[in-house]
Amino acid sequence: MTLKELTDHTVREFVKKYGRQPRWIVAAPGRVNIIGEHTDYNDGFVLPMAIELYTVIAADSSTQETNQIRLYSTLGDKPAVVDLTKPLKPLPKGSWANYPVGVIAAFLARGLNPGGFDAMIHSTVPFGGGLSSSAALEVATATLLEVITGKKLDLVEKALLCQKAEHEYAGMPCGIMDQFISIMGRENQVLLLDCRSRKPELVPMSDPSVTVLIINTNVRHQLTGSEYPMRRKQCEAAAKILGVPSLRDATTELLEHAKGRMEKDVYHRARHVIGEIERTQHAADDIRASNWPAVGQLMYASHRSLRNDYEVSCKALDTVVDIAKVIGLKGGMFGCRMTGAGFGGCAVALVKTDAIDAISKKIAADYKKKTGIEATIFISRPAAGATVIKNNGSGSPSVRTNICARVSVPA
Ligand code: GLA
């Protein structure tokens, strides 16, 4: 589905539900991370790109209840109703509406009250697929609220606001990669982000002879579990033993020196992070030089490290990477690795454009044979970050400072 088709679909659903045309339409993309996994919360480097899968929100100011926000999703989830006259708090864990509601709460906390509005949300970013469906939803909501309140946030502030919403409302202590790329993505460019200085650097990736292939294992990951927070804690423990502010400041030599003073797991987690930060910077250089075989080798090394040292891969992801290795450079495969937090979700591969069809067929067939699961395989060019598609506002409603709001999900 193209962004245009997705937008048309969302508008149709909005009209069906609310009986009028939306005044505002916004979109925010998902992402795939080429390399730099579990490095963002260690002040390291990441190298993601926005993809051509989006969350779209169509909205209009409320016709009746000026203090009520109605959030409907075309995916059939329960709608959420936010009452802006009552204090706002998180919904039960696992509720999809925690992402938009967390963002609304953050705007209210800044004195930016959008007033009542009706919204329809639709997304092509698969939920739990490791392609940042949550960040796309948060960033789309923030973009909508910017339009409604007439207050455009600084890009970094906007990303941090969305990240905070995820921490506080969805209970997921994520890093900053996903929100940054969903906001700052550019067509035909990947983003080398220094997560310490938060300095984004765009790296062109427009060589038509290579394509990014995304393989959804269709094994859903579960991120609010204990694994992700535990990895974060282990990294902090390693940094403490090494006497550095974060693993960004550590080196392999320093780590090897301290090996005897660390629990085995903590040592392995740190070894992944230190190596991955280095690999990510090399990969950016290799992309700039269009050295695709070198990028591919770094991707395989990243996967190995995530599987053995960080222990966030799973059988389905390893199977995809093993198939990629069999295809090899001769078959047009440069490299492949798991992408995102892990424990399921997607793998990302860098392939020769003229081999896409053969490679996709081979991966689909072999993966089905080995796991019994149907993979979903698609390509994406690096896409643009969040956009306002329609803003028919005849002047934004005044920015109010009511910070009380309550949210409920009708049964
Ligand atoms: C999730 C988090 C990110 C990042 C990745 C792993 O996507 O939201 O912040 O930590 O996992 O690289």
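Guide: Let's start with a yardstick: a residue is buried under 20% relative accessible area, exposed over 50%, and partly exposed in between (1.4 Å probe, protein chains only). This is a predicted model, where local features need pLDDT of at least 70, side-chain atom pairs count only at pLDDT 80 or more, and totals for chains, interfaces and linings use all residues. Residues are numbered from 1 along each chain as its sequence is written, and side-chain values use heavy atoms, with hydrogens and water left out.

Visitor: Why is Lys4 called exposed?

Guide: Lys4 has 56% relative accessibility, and the cut-off for exposed is over 50%, so the word fits.

Visitor: What makes Lys4 and Asp8 a salt bridge?

Guide: A salt bridge needs a side-chain nitrogen of Lys or Arg within 4 Å of a carboxyl oxygen of Asp or Glu. The closest N and O atoms of Lys4 and Asp8 are 2.7 Å apart, so the pair qualifies.

Visitor: And Asp194, why does that count as buried?

Guide: Asp194 comes in at 12% relative accessibility, so it falls under the 20% limit. Its salt-bridge partner is Arg248, with the closest N and O atoms 2.9 Å apart.

Visitor: Why is Arg248 called partly exposed?

Guide: Arg248 sits at 23%, so it lands between the two cut-offs.

Visitor: How do you know that Tyr228 makes a polar contact with the ligand?

Guide: A polar contact is a pair of N or O atoms within 3.5 Å (within protein, one must be able to donate a hydrogen and the other to accept it, and residues adjacent in sequence count only if both atoms are side-chain atoms). An N or O atom in the Tyr228 side chain is 2.6 Å from a ligand oxygen atom, so the pair passes.
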